[in-house]
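Here's a quick walk through one protein model and its ligand. Have the viewer open and follow along residue by residue.

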Amino acid sequence: MNKVHMDFPILKRLVKAGKHLIYLDSAATSQKPLVVIDAMDAYYKEMNANIHRGVHALAEEATQAYESARMRIGDFIGVKDPREIIFTKNTTESINLVAKTWARQALGKDDLIILTPMEHHSNLVPWQILAAEKDLELDFIDLTPDGLLDLNCYERLLERKPKLVAFTHMSNVLGTINPVKEMISMAHQAGSVTLLDAAQSVPHMSVNMKELDVDFAAFSAHKMCGPTGIGILYGKAELLSGMPVFLGGGDMIKKVALRSFQPNDLPHKFEAGTPPIAEAIGFGVAVDYLSGIGMDQIAAYERELTAYAIERLEEVPGVTVYGPKVEDRGGLVSFTLEGIHPHDVAQILDGEGIAIRAGHHCAMPLHQNLGITASSRASFYLYNTRADVDALVDGLYKVNKVFH
Ligand code: 7TS
């Protein structure tokens with residue numbers, strides 16, 4: 001796996017004081033392999049045209065490349081029907097789309113939405129906005145002390161027949177991988193629609209939306225070797241086709257009169273305006289790249305690296321590691337160092353060329369739940385190595401020395 005390092009040009013660069021970059025912030029955004037950068041470059045150099053409109057050669061080629069990317073991204077998550085793969089800006093926009101169209105139509109006063117306290121703000125705030133507008137109730141599945149969802153609590157909440165259950169596949173702070181297949185099946189038995197925030201799972205493990213039988217799912221290209229500015233909303237065709245439109249404008253219409261319009265067919269109905277074409281092409285190449293390595297291999301590699309990281313971090317005096325045991329988690333570790341603010345930890349590590357994230361990681365309620373205001377987080381991807389973990393641990397000894 002270490003040879004994939006060579007595929008990522010940025011990992012060769014030097015940062016502070018001539019140190020080699022050690023990038024441990026892939027949960028925020030991953031680095032991009034050269035094949036993805038080259039594919040986007042080639043689009044602009046050889047094919048640039050708007051899609052779905054022109055009849056000229058470039059427009060046809062660009063349209064074909066864009067739609068081919070949609071098919072390959074669909075394949076990557078077990079979805080054969082391109083009508084169910086909507087290109088959006090990112091995970092955040094995908095979830096907002098569902099909140100502002102399906103949920104706004106389907107939910108009314110006093111209806112219940114079930115969420116979890118480990119959600120990223122982007123699977124929390126859209127529901128808060130809708131709850132205020134429609135007078136809905138939000139309730140939350142309790143966390144166990146080791147950072148898992150309490151499924152007994154979930155069962156009790158489902159007795160109240162929520163209209164929607166929305167949860168993350170993997171926590172971006174605790175690393176917890178939730179038992180989503182079971183949770184989706186339980187929700188369906190209670191008659192609820194399900195939405196999966198797959199921003200941290202699809203990049204790191206094999207996820208098949210059809211096997212999960214989830215109703216909606218959201219993820220972003222930039223966390224999975226692809227470019228920024230593009231993400232996916234997966235939705236079951238029967239739900240998507242009954243939903244009101246999201247944004248209005250070009251491409252999302254079949255017919256327009258002065259006072260009315262007829263929406264386009266899926267998936268274009270939800271893709272108003274010129275989409276991020278180069279980004280879709282880059283995203284397609286990113287999933288080809290990940291498939292070429294193998295998602296099961298990536299997941300196993302990250303699990304082994306995370307186990308090593310937890311073991312090594314626990315050697316460092318004053319470190320508290322958050323989240324469940326390694327069997328229940330993905331490739332990231334959040335921790336605090338006693339008496340030292342996470343921002344100071346990140347700053348000293350930065351001086352060593354080590355990039356981690358410090359703060360609330362867009363999960364303020366979860367930090368409150370943990371009784372802290374901030375944490376440091378090292379997150380891994382296929383290009384990280386045990387040597388990166390060793391550098392992190394050496395860096396933390398240095399932080400301790402500076403502060404004590
Ligand atoms: N959901 C989860 C679970 C996430 O981790 C993130 C981003 C998002 C949604 C939002 O994704 P976006 O592409 O729409 O921004 N998480 C992080 C993070 O942990 N650090 O920076 C961004």
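What follows covers the ligand site, the nonpolar core and a few backbone oddities.

## The ligand and its shell

First, a caveat: this is a predicted model. How many residues surround the ligand, and which are the closest? The count is 17, and the closest are Thr-92, Asp-197, Gln-200, Arg-357 and Arg-377. Sorted by class, that shell holds 10 polar, 4 charged and 3 nonpolar residues.

Where does the ligand lie with respect to the domains? Domain 1 (2-31 + 294-403) and domain 2 (37-292) each contribute residues to the shell, so the ligand sits between the two.

## Polar contacts to the ligand

Three side chains are worth picking out for their N or O atoms. Ser-220 has one at 2.7 Å from an oxygen atom of the ligand. For His-222, the distance from a side-chain N or O atom to a ligand oxygen is 2.7 Å. His-120 pairs up with a nitrogen atom of the ligand instead, and there the distance to the side-chain N or O atom is 3.4 Å.

How much of the ligand's accessible area does the protein cover? On its own the ligand has 480 Å² of accessible area, and the protein covers 90% of that.

## The nonpolar core

Now for the greasy part. In soluble globular proteins, nonpolar side chains tend to be buried together. Here, the largest nonpolar core has 77 residues, and the ones that touch the most other members are Met-209, Phe-219 and Phe-283. Which helix gives the most to this core? That would be helix 9 (residues 277-293), with 10 residues. Domain 1 (2-31 + 294-403) and domain 2 (37-292) both supply residues to the core as well, so the core lies between them.

Phe-283 deserves a closer look. This residue belongs to helix 9, and its relative accessible area is 0%, so it counts as buried. Its C-alpha atom is 9.3 Å from that of Arg-72, although the two residues are 211 apart along the chain.

## Thr-63 in helix 2

Is Thr-63 buried or exposed? Its relative accessible area is 18%, and because the cut-off for buried is under 20%, Thr-63 counts as buried. You'll find Thr-63 in helix 2 (residues 57-76). Its side chain reaches out to the backbone nitrogen of His-52, at 3.0 Å.

## Backbone oddities

If you check torsions, three places should catch your eye. Going from Leu-266 to Pro-267, the peptide bond is cis, with omega near 0 degrees. Pro-267 is part of the loop between strand 10 (261-263) and helix 9.

The other two are positive phi values outside glycine. Lys-161 is not a glycine, yet its phi is positive, at about 50 degrees, and its place is in the loop that links helix 5 (151-158) and strand 5 (164-168). Cys-225 also has a positive phi without being a glycine, with a value near 75 degrees; its loop runs between strand 7 (216-220) and strand 8 (231-235). Which of these loop residues is buried, and which is exposed? Lys-161 is exposed, at 53% relative accessibility, whereas Cys-225 is buried, at 0%.

Note on methods
Residues are numbered from 1 along each chain as its sequence is written. This is a predicted model: local features need pLDDT of at least 70, side-chain atom pairs count only at pLDDT 80 or more; totals for chains, interfaces and linings use all residues. Side-chain values use heavy atoms; hydrogens and water are left out. A residue is near a molecule or strand if one of its heavy atoms lies within 4 Å of it. A polar contact is a pair of N or O atoms within 3.5 Å; within protein, one must be able to donate a hydrogen and the other to accept it, and residues adjacent in sequence count only if both atoms are side-chain atoms. Accessible areas come from the Shrake-Rupley method with a 1.4 Å probe; for residues, only the protein chains shown count as cover. Ala, Val, Leu, Ile, Met, Phe, Trp, Tyr, Cys and Pro count as nonpolar, Asp, Glu, Lys and Arg as charged, and the others, Gly among them, as polar. Domain bounds come from an automatic or database domain assignment. A nonpolar core is a set of buried Ala, Val, Leu, Ile, Met, Phe, Trp, Tyr and Cys residues joined through side-chain atoms within 4.5 Å. Buried means under 20% relative accessible area, exposed over 50%, partly exposed in between (1.4 Å probe, protein chains only). Helices (H or I, at least four residues) and strands (E, at least two) are DSSP runs, numbered from the N terminus.
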